[in-house]
Amino acid sequence: MKILVAVKRVIDYNVQIRVKEDNTGVVTDNVKMSTNPPDDNAIEEAVKIKEAGKATEVIAVSIGEEKAQETVRKALAVGADRGILVKTEGILEPLAVSKLLQKIVEKEKPDLVFMGKQAIDDDCNQTGQMLSALLNWPQATFASKIEIKDKSLEVTREIDEGLETIEINVPAIVTCDLRLNEPRYASLPNIMKAKKKPIEQINASDLGVDTTPRIEQTKVEEPPKRKAGIKVSSVAELVQKLKNEAKVI
Amino acid sequence: MSVLLIAEHNNKELRPFTLNAATAASQIDTDVHAVIIGHECGEAAKALSELELIKKVIQVEAPHYENFVAENFAPVIVKLSENYSHIISSANTFGKNLMPRIAAALDTSQISDITKVVSNDTFLRPIYAGNAFATVKSKDNKKCVTIRPTSFDPCESSGGSAPIEKAEAGEEFVQTKFIKREEIKSDRPELGTARVVVSGGRGMQSGDNFKLITSLADKLNAAIGASRAAVDAGYISNDHQVGQTGKVVVPDLYIAVGISGAIQHLAGMKESKVIVAINKDGEAPIFSVADYGLEADLFEALPQFLEELNKLNTIQK
């Protein structure tokens, strides 16, 4: 079984986001970038499946500017065998990303495609589902447990009402929840080894996909600020304020 | 052209956020039609036809629609879509799972999780866990939009009498098989719509200690929430998680207990009307969004909270 894992380079989850003064976006210059957190879970799961002898190869793919190579390299350092970087400039919407991934899937013919359920920058939660629609493959979104069977997967999905279990035949797409596993850290020897692993570079323009944005982002603003609250000194004071001032209990 | 709303239901009843999505749909165009796909879902279809904002209901039934598998649902909606300018659903796990499959089939760039309709092609949506808001304008002919349910009021559940039309079912997608759903049944208000939410975090230290949260929630007729840290630690099940990758809640009163207030958690609750934080670390970021902060050991404060509530003559329900 061959597993392709899509990883995205995003602003690190610990960074306090700042909106640009001209309202055209958020500040990304000199800001720490990392792998989208649930994409780390996707890589971890693929590597674990390979370690259990149930997959033969794990390929990490990222789409973006040259620097997204670091994100691919990090996936190689935690166990992916080789990498692919699809180079693009400018804004890419999930629809364009899924079309580019479709081209990579057609070329690499993986049995499974894993990725995070959502990117923490645009919060769209679309790419996996779109890719599976384009390929007409089954999808298991928001996965918190994956069991590999002979020609299928049993996946536990986190849904609003609780948990749902589905069985999907391969080839299939899985989007991963943060609770799927505990991603490992790359050890120094593995980081050194990853430098020797191959990363194939492909220009998005060579894949014959129109990636022109369909959505115009006309303005980006700060969220409304909450008024500063007060500290209360006792539970009795808190309950009195809630009853008589806020009038919510 | 009209707007098509995808109803969410359990084959018996409508799920409540369908009413919020109907409101959002009506702000795009007043001619709102709703499609309900399910198995033996006549009662839910009838309830849908009674919503005041719905002008027509399209009911599609087959046994393979019983469990809401997106691979079965998407082709039905794609087929219906030619008569509609917009396809709308809630941005909960139902809509998040389904809508991108429709959008890709229609070659449309989806707009996720909108909090405001600016015009029929322009919407406001949070990005970066709500640390920024983007105004976005769709240039696609057909628009696929998911709405953040807590940002729109539910419409009236009565007063409508829309005709119910039946449409033909599609084929079953056999590569995906539903096995089971484990729903946590509770008599409490639903987390997404509760007037009061009491949430616990890592500071609770164990699942057993969550009974302190439960007692307070009982007293206030509140739903129970949790931070991701508490769910990851196994203190409570995933359906309670509030935050960027969990649920977004906007109650009148949100009580955060033993929650430090990571930006990912704040993303799910900072629009609440009144926020209370109880935490022994006075520097915890949760205090920056709290209207009332109490710096205290929660194991002392929660029993006192119950005692103080017991002294009150009345408590709002």
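**Notebook: strands shared between chains A and B**

I began with strand S14 of chain B (residues 253–257), which pairs with strand S15 of chain B (residues 274–279) in the parallel sense over five bridges. Within this pairing I noted Leu253(B), which stands opposite Val274(B) in S15(B). The model I am reading is a predicted one.

I then followed the sheet outward from that pair and wrote down an open sheet of six strands with parallel pairing, in the order S13(A)-S16(B)-S15(B)-S14(B)-S12(B)-S13(B). At its edges I found S13 (230–232) of chain A and S13 (223–226) of chain B, and because each has a single partner strand, one side of each is left without a neighbour in the sheet. For the twist I recorded that neighbouring strands are turned by 20 degrees against each other on average, with direction ignored.

Next I looked for a helix lying on these strands, and I noted helix H6 of chain A (residues 235–245), which lies across S13 of chain A as well as S15 and S16 (292–295) of chain B, running at about 170 degrees to S16(B).

I also looked up a second pairing between the chains, in which strand S9 of chain A (residues 162–169) and strand S11 of chain B (residues 176–183) run antiparallel and are joined by seven bridges. Here I marked Glu167(A), whose bridge partner in S11(B) is Lys177(B).

Last, I turned to the contact as a whole, which takes 61 residues from chain A and 70 residues from chain B. Sorting the chain B side that touches chain A by class, I entered 31 nonpolar, 19 polar and 20 charged residues.

Key:
Residues are numbered from 1 along each chain as its sequence is written. Chains are lettered from A and ligands numbered from 1 in the order in which they are written. This is a predicted model: local features need pLDDT of at least 70, side-chain atom pairs count only at pLDDT 80 or more; totals for chains, interfaces and linings use all residues. Two strands pair if DSSP finds at least two bridges between them. Helices (H or I, at least four residues) and strands (E, at least two) are DSSP runs, numbered from the N terminus. Axes are lines fitted to C-alpha atoms, for helices over the stretch in contact, and angles run from 0 to 180 degrees between N-to-C directions. Two residues are in contact if their C-beta atoms, placed from the backbone, lie within 7 Å. Ala, Val, Leu, Ile, Met, Phe, Trp, Tyr, Cys and Pro count as nonpolar, Asp, Glu, Lys and Arg as charged, and the others, Gly among them, as polar.
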